[in-house]
Amino acid sequence: MASTFFSWVRSPAAREYLFSTHFWGPMANWGLPLAALADLRKDEEMISGTMTPTLACYSMVFMRFAWMVQPRNYLLFACHATNATAQSIQEGRFINYWYNGGREAKYGVTQETVENGEWTAAPDVKGEVTKAIEAAREEAKTVAGK
């Protein structure tokens, strides 16, 4: 196996491939999925609800391009498949945090009451959540301002 690989590396076909845009274009693109994978550890508060699906759709378009171009560019396809997957996970985290109770669970809101058919947090707990969210936003502003 290793001898086959090293034989290929020394061949003119390998040099032609390694010095082409078919190789270096996808290599440069790997910054997108690597950043997306790193962002999976970040706080859900920082996820952009519009940019995340935009990046996922962008990668899906380029996955199709990488598949349809001749010869097929498997490296570009893998790069964008990784990015589309990571962005889809991020969008799931965003939806869970903002719409499915993830934010309330993070700040410990467990008491709920039903008023006029809508779920609302108990007033004493609701005030604590608002304070925590405002503190997080202020911290984000100070970090962004640096």
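**Exercise 1.** In this predicted model, classify Thr-52 as buried or exposed from its relative accessibility, then place Thr-52 in the secondary structure and list its contacts beyond four places in sequence.

*Solution.*
1. The relative accessibility of Thr-52 is 6%.
2. The cut-off for buried is under 20% relative accessible area, so Thr-52 counts as buried.
3. Thr-52 lies in helix α5, which covers residues 51-68.
4. With neighbours within four places in sequence set aside, Thr-52 touches Ile-47, Gln-87, Gln-90 and Glu-91.

**Exercise 2.** State how many aromatic pairs the ring-centre rule gives, then classify the pair Phe-62 and Phe-65 by its geometry and give the separation of the two residues along helix α5.

*Solution.*
1. The rule yields 7 aromatic pairs.
2. For Phe-62 and Phe-65, the centre-to-centre distance is 6.1 Å and the angle between the planes is 70 degrees.
3. Pairing requires centres within 6.5 Å, and planes over 60 degrees apart count as edge-to-face; Phe-62 and Phe-65 therefore form an edge-to-face pair.
4. In helix α5, Phe-62 and Phe-65 are 3 residues apart, which means a separation of about one helical turn.
5. Phe-62 has a relative accessible area of 31% and is partly exposed.
6. Phe-65, at 45%, is partly exposed.

**Exercise 3.** Apply the ring criteria to Tyr-97 and Trp-98, and assign an exposure class to Tyr-97 and to Trp-98.

*Solution.*
1. The ring centres of Tyr-97 and Trp-98 are 5.1 Å apart, and the planes stand at 90 degrees.
2. The pair Tyr-97 and Trp-98 is therefore edge-to-face.
3. Tyr-97 has a relative accessible area of 2%, so Tyr-97 is buried.
4. Trp-98 has a relative accessibility of 23%, so Trp-98 counts as partly exposed.

**Exercise 4.** Identify the residues that form one aromatic cluster with Phe-62 and Phe-65, then describe the nonpolar surface patch that holds Phe-62 and Phe-65 and name the element that gives the most to the patch.

*Solution.*
1. Tyr-58 joins Phe-62 and Phe-65 in one aromatic cluster.
2. The nonpolar patch on the surface consists of Leu-32, Tyr-58, Val-61, Phe-62 and Phe-65.
3. Together these residues have about 420 Å² of accessible area.
4. Helix α5 contributes the most to the nonpolar patch, with 4 residues.
5. One of the patch residues, Val-61, is located in helix α5.
6. The relative accessible area of Val-61 is 54%; the cut-off for exposed is over 50%, so Val-61 is exposed.

Conventions
Residues are numbered from 1 along each chain as its sequence is written. This is a predicted model: local features need pLDDT of at least 70, side-chain atom pairs count only at pLDDT 80 or more; totals for chains, interfaces and linings use all residues. Side-chain values use heavy atoms; hydrogens and water are left out. Buried means under 20% relative accessible area, exposed over 50%, partly exposed in between (1.4 Å probe, protein chains only). Contact means heavy atoms within 4.5 Å. Rings of Phe, Tyr and Trp (its six-membered ring) pair if their centres lie within 6.5 Å; planes under 30 degrees apart count as stacked, over 60 as edge-to-face and the rest as tilted. Patches are made of residues with over 30% relative accessible area and no salt bridge: like charges are joined within 9 Å, nonpolar side chains (Val, Leu, Ile, Met, Phe, Trp, Tyr) within 5 Å. Accessible areas come from the Shrake-Rupley method with a 1.4 Å probe; for residues, only the protein chains shown count as cover. A salt bridge is a side-chain nitrogen of Lys or Arg within 4 Å of a carboxyl oxygen of Asp or Glu.
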